[in-house]
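Me: I should be grateful for a close look at one part of this protein, namely its nonpolar interior. Please also follow the aromatic and charged contacts and say how buried or exposed their members are.

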Amino acid sequence: MKLRFLGKNSNVGECPTLYATDRDTYLVQGWRIYANDLLMQLDVPSGYTAVEVPTELFEHLTKDDLPTGEIRRIEDPIAILTPGGTFIVQGLEVTDAEALAEMDIPDYETVVEVPKAAIKALLEEPREADLQRRAQPAL
C-alpha cells in the first residue's frame, strides 16, 4: 500500500495523522481507546478497531482535492462525537508492514483504514438522524 501524507494535528506527545492510500482509502492514525464509557458504546467487528482523533484532523481532506474537511454527518465509519470534541473512528486495523513502517506510531496509538467514499459521504449535509445523534453526545 502506498501512502500520501495529508496532515496531522500535533501537540507534545500527540500526533493523530491522516493519509490517503493508493487503495481508495484513508488511514486514520489516532489514540487507542481505553475509556470504558467509550468502549461500552462500541460494537467493533473482528479485524476492526477504533481510534480517537480531534475533529480538526479531517480539515486535511482538502489536500486530497475535497472542497471541505468539515464532517457534517455522524455515521459509519465515525461512531461517536465525544463531549471533548473528538471523533471515534472505526475501521479495519492496519497490519500492512510496509505502510506501518512509513508511519511514526507511538504505543498509545494505532491506525485504521476507512473507505474514501465513506468519509466523503460524511462531508454532505446532515440528515435528521444525524442531528439527533449530535444532540445526544457520548457520556
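Reply: A residue counts as buried when its relative accessible area is under 20%, as exposed when that area is over 50%, and as partly exposed in between. The model discussed here is predicted.

The interior comes first. The largest nonpolar core has 21 residues, and those touching the most other members are Tyr26, Val28, Phe58 and Val89. At least two residues of this core come from each of strand E2 (17-21), strand E3 (25-31), strand E4 (48-54), strand E6 (86-93) and strand E7 (109-115). Setting aside residues up to four places away in sequence, phenylalanine 58 touches Leu18, Val28, Val53, Gly69, Ile71, Ile78, Phe87, Val89 and Ile119.

A second, separate core consists of eight residues, including Leu27, Val94, Met103 and Val111. Leucine 27 belongs to strand E3 and is buried, at a relative accessible area of 0%. Apart from its neighbours within four places in sequence, leucine 27 is in contact with Met1, Leu3, Thr17, Leu18, Tyr19, Thr21, Val94, Met103, Val111, Val112 and Glu113. Leucine 3 lies 24 residues from leucine 27 along the chain, and their C-alpha atoms are 8.4 Å apart.

Tyrosine 19, one of the contacts of leucine 27, leads to the aromatic pairs, of which there are two. In one, the ring centres of phenylalanine 5 and tyrosine 19 are 6.0 Å apart; their planes stand at 70°, so the arrangement is edge-to-face. Phenylalanine 5 is in strand E1 (residues 3-8) and tyrosine 19 in strand E2, so that distant parts of the chain, 14 residues apart, are linked. The partners differ in exposure: tyrosine 19 is buried at 9% relative accessibility, whereas phenylalanine 5 is partly exposed at 48%.

Strand E1 also takes part in the charged contacts. Side chains of opposite charge can pair when their charged atoms come close. The model contains six salt bridges. In one of them, the side chains of arginine 4 and aspartate 64 meet at 2.2 Å, N to O. Arginine 4 is in strand E1 and aspartate 64 in the loop between E4 and strand E5 (78-81), so this pair ties together parts 60 residues apart in sequence. Arginine 4 is partly exposed at 39% relative accessibility, while aspartate 64 is buried at 10%.

Another salt bridge joins the side chains of glutamate 70 and arginine 72 at 3.8 Å, N to O. Glutamate 70 is partly exposed, with a relative accessible area of 46%, and arginine 72 is also partly exposed, at 23%. Arginine 73 and glutamate 75 form a further salt bridge at 3.1 Å, N to O, and both of these residues are buried. Through salt bridges that share partners, Arg4, Asp64 and Lys116 form one network.

For contrast with the interior, the surface carries a nonpolar patch of Val44, Tyr48 and Leu92, with about 230 Å² of accessible area together. Within this patch, tyrosine 48 lies in strand E4 and is partly exposed, at a relative accessible area of 37%.

Definitions and conventions:
Residues numbered from 1 in each chain as written. Predicted model: local features only at pLDDT ≥ 70, side-chain atom pairs only at ≥ 80, totals over all residues. Heavy atoms only, no water. Core = buried A, V, L, I, M, F, W, Y, C linked by side-chain atoms within 4.5 Å. Buried < 20%, exposed > 50% of the residue type's maximum accessible area, 1.4 Å probe, protein only. Helix = DSSP H or I, 4+ residues; strand = E, 2+ residues; numbered from the N terminus. Contact = heavy atoms within 4.5 Å. Phe/Tyr/Trp six-rings, centres within 6.5 Å; stacked < 30°, edge-to-face > 60°. Patch = residues over 30% accessible without salt bridge, like charges linked within 9 Å, V, L, I, M, F, W, Y side chains within 5 Å. Areas by Shrake-Rupley, 256 points an atom, 1.4 Å probe, with all protein chains shown as cover. Salt bridge = Lys/Arg side-chain N within 4 Å of Asp/Glu carboxyl O.
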